[in-house]
Amino acid sequence: MKWETVVGLEVHAELSTKSKIFCACTTEFGGEPNSHVCPVCSGMPGTLPKLNRRVVEYAVRTGLALGGKITVNSKFDRKNYFYPDLPKAYQVSQLYAPICRDAGMEIEVNGNKKVIGIREIHMEEDAGKLIHDARNNRTQMDFNRCGVPLIEIVSEPDFRSGEEVLAYLEKLRETLLYLGVCDCKMQEGSLRADVNLSVRREGEELGTRTEMKNLNSFKAIGRAIEYETERQIKILEWGGKVTQETRRWDDDKGESFGMRSKENAQDYRYFPEPDLLPLYIDDEWLQRIKDSIPELAHGKRERYQRDFGISEKEALVLTEHKNISDLFEAVSAKSGEPLEAAHLLTGEIMYLMNNANITPEFLAVDAGKLSVLINLVISGKINRNAYKETLAAVFDADVDPDEYIAKQGLKMVSDTNIVGDAVKAVLAENTEALADYRSGKEKAFGFLVGQVMKKLGGTGNPELVRKALKDSLSV
Amino acid sequence: MFDLSTLTLAKLIRDREVSVKEAVCGYIDEIERTNNKYNAFITLAKERALERVEIIQAKIDSGEDLSLLCGVPIAIKDNISTAGLKTTCASKMLSDYVPVYNATVVDKLEQAGMIVIGKLNMDEFAMGGSSETGIFGVTHNPFDETRVAGGSSGGSAAAVAGKQIPLSLGSDTGGSIRQPCAFCGTTGIKPTYGAVSRYGLLAYASSLDQIGPIANNINDCAALFSLISGGDIKDSTCVSEKSFAFSENNEERMEGIRVGLPRNYFTSGIDSGVKEAVMSAVKEFEAAGAAIIEFEMPLLEYMVPAYYIIACAEASSNLSRYDGLKYGYRSADAKTLSEVYLKSRSEGFGLEVKRRIMLGSFVLSSGYYDAYYKKALQTRALLKDAYNRLFTQFDVIISPVAPTTAYKIGENIDDPMKMYMGDIYTVSVNLAGLPAAALPCGFDGDGLPVGFQLIGDAFSEEKLIRIARIYQNRTNYHNTTISAGRK
């Protein structure tokens, strides 16, 4: 029997509210250590939490977008454990009545569609950070991140491969971005995933699972799943037993290491948080949250096809990443040319991104400049060659298109005299190609067009060049 | 000055017949003269007070009307956060801890022009009923210095009884305002849960704790209550929207008032001196025209266990933050992180606190949660229902505060069960979140004060205070002070 990998995911997403979950401190990333703290989030004795309603709205928004049931009578619980990054020595979280249950998301891997179950989404507060200073062997505490709101999205163990996990994470990230609830920067820790993994012979009961932490990129997650699958299979094939434990992934070494086993597992002594009232979401509030959900990828996809006549294929590419669809919408609005904007983003811009090795989340091009370029090419001020060249300059160096075109002399030449002179000169210089054409070789025509264009510095009006050349040849 | 009611003193200050400085310095002198006897004060904030004196006097001189207690000195239980002023919880763990912020009640008092002149002794982290467990030593009962002042707000009650301060703030989690009031012959109010902001109260048991006033009579208590009550955006559990509106009256009759008397509170485990004094209070109510209706209080045997399970569970979590890392005591010889936790907490907390942390951790741990904590919550819900039903029949319930009067220092300290059973009459009020006022009603055979409590329905402080006031209008126990003995 074949081995099968079974994975469940716990995804932590930091919500991009302006202030923290229980106080008015900023959630901004970074800052001088302990500069974004107050008596509440630093856990000073006697302070009390005050729930930020926006956090609830973001969590509910996510739950609704993922098709979940919203718990209208929700509450918070305390998760107790000692660690220096947790100033109150308990984390306010939700165990008994999480804000959302029974959600799910459809993924597609190699053409196969599958729904991944999401058991629950709960709200909680983030912990601080410990900074280890190796030089003087000291550890310092930075509480800036304490109290930054998180949602934890807990999947069912529905994944059977690393590809499925990555497809889910990609789609989840895009959904959170579209919802505007999380900026999803894995490198800043605003999106984190823990992997629960076990292996079994197909058809058998679930095996013992391990939980893997410290996965800081999608790539690391893929590698870690591969590594852990092999590690567990090896143990089982040698007749051993997998230990239920938490393991830490070391991406540099490409290995994971056991942190603590179940025997040493902490008893978190959860109990209802007495400092917060139970959370009730009435119909009116729920409706307002529903109404605040922005248009998501599939909605945009349909609208682009319906309203702009964009092809299904292009609409798909445009909506795969929020950054791209945002750019598309800005460029089409500014230029008034949605079709051309779609071609531009799915064609030339994708090509430039690939060459520069830039992923969609990091794409930063000025929508205004792209619209200017589109209007220039459509109105015949520049030709396609000049368009591409200027585009590359805008993409690489953020140049001003008008200035660049003027400076490089890329304005389209539509003066029949100038074009006529260029044609004459080319025909005089390329007698061989001329002879080929006359002897019926159609290819030679294209070559001659190219030569005329070259003579015009690439800026000739292509239609005019063709016409002038045809006219000269038919004489 | 020391024998005036606080409201009278406040009026003299407002009328500029007594200066704020005279009042404040008079009391400071008194504290300095007597504190070695009572040990009610942990910290005397002389400089802070004198600075405020000038500011407040200037405001009074310019005709500004800050509040009806403007210019009056007050002292605060040492588990309430005061910015820049040590807040120790009478614990080694926090013996040098200076908060960076004021509790909401402290802000409110200062806005009202009151002057905080010190911090008061208590049981460590408010865990106890005798004010013997604090690191700064035992608080002595001004009526008999060989006896305890009660607790945990022992300092708050003793300082008022000993005329060291006209008013104080205490906190009541299971009787910690009412019992020391009964032991020291003072008057105190444990407000409805959610009537006074807990922001800045160093939590013992969050779902039970409430800050409340202690004074020599119900009017002074009510005046102070009117300043500290009301909503606070910093405390989600503080649900009352308006603060209590203070008014005085000279009523002496209470026709139409229905007073519930829990028969089974008097059958066993109660000292005869206490029983007699409380029954005399019942007679007084009857004489005033109230209807006395006896009833059987349900769930009596479950009250103390449910209280200790819930309070300790919450305490085990609330006190986890004292880990030796950020503030407070850190063991000097801890070498690893787990040693910092273990040694700092072992050395920084006293025996009773550790006992409750362990009990609380146990009842919340997996495998025991359902058997203990969950059961206790169910008991609490039943108790709330029972009280709700009772308050359809009664306006107030009258009950003893404690089964005994003040006992000898050291007498019960090694017998936690006896100590815990001393809370039998008070804890149900906290479990149900109700208001109660403790009032003096006489003396036992040893001449020690006896107190009783009036328990009201949630947010019925106005009615409760009115009834208490009628009682004090008819009696003089609240004016029987120790001043004669002090000469």
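User: What makes β1-β3-β2-β6-β8-β7-β12-β13-β11-β9-β10 of chain B one sheet, and is it open or closed?
Analyst: Eleven strands follow one another in that order, and the sheet is open with mixed pairing. Strands count as paired if DSSP finds at least two bridges between them; the strands themselves are DSSP runs of E with at least two residues, while helices are runs of H or I with at least four, all numbered from the N terminus. By the way, this is a predicted model, where local features need pLDDT of at least 70, side-chain atom pairs count only at pLDDT 80 or more, and totals for chains, interfaces and linings use all residues. Residues are numbered from 1 along each chain as its sequence is written, chains are lettered from A and ligands numbered from 1 in the order in which they are written, and side-chain values use heavy atoms, without hydrogens or water.

User: Why do β1 (41–44) and β10 (291–295) of chain B stand at the edges?
Analyst: Each has a single partner strand, so one side of each has no neighbour in the sheet.

User: What makes β12 and β13 of chain B a pair?
Analyst: Strand β12 (residues 436–443) and strand β13 (residues 449–456) of chain B share seven bridges in the antiparallel sense, and the rule asks for at least two. One example: A436(B) has I455(B) as its bridge partner in β13(B).

User: What makes D126(A) and R192(A) a salt bridge?
Analyst: Their closest N and O atoms are 3.0 Å apart. The rule wants a side-chain nitrogen of Lys or Arg within 4 Å of a carboxyl oxygen of Asp or Glu, so D126(A) and R192(A) qualify. The two residues are 66 apart in the chain, with D126(A) in the loop between β7 (112–125) and β8 (129–133) of chain A and R192(A) in strand β11 (residues 191–201) of chain A.

User: Why is D126(A) called buried?
Analyst: Its relative accessibility is 4%, and buried means under 20% relative accessible area, exposed over 50%, partly exposed in between (1.4 Å probe, protein chains only). R192(A), at 22%, therefore counts as partly exposed.

User: What about K463(B) and D395(B): how far apart are the closest N and O atoms?
Analyst: They are 2.8 Å apart, so this is a salt bridge too. K463(B) sits in helix α15 (residues 461–474) of chain B, 68 residues from D395(B), which is in the loop between α12 (370–393) and β11 (396–400) of chain B. K463(B) has a relative accessible area of 34%, so that residue is partly exposed, whereas D395(B) is buried at 10%.

User: How many salt bridges does the rule give over all chains?
Analyst: The count comes to 56.
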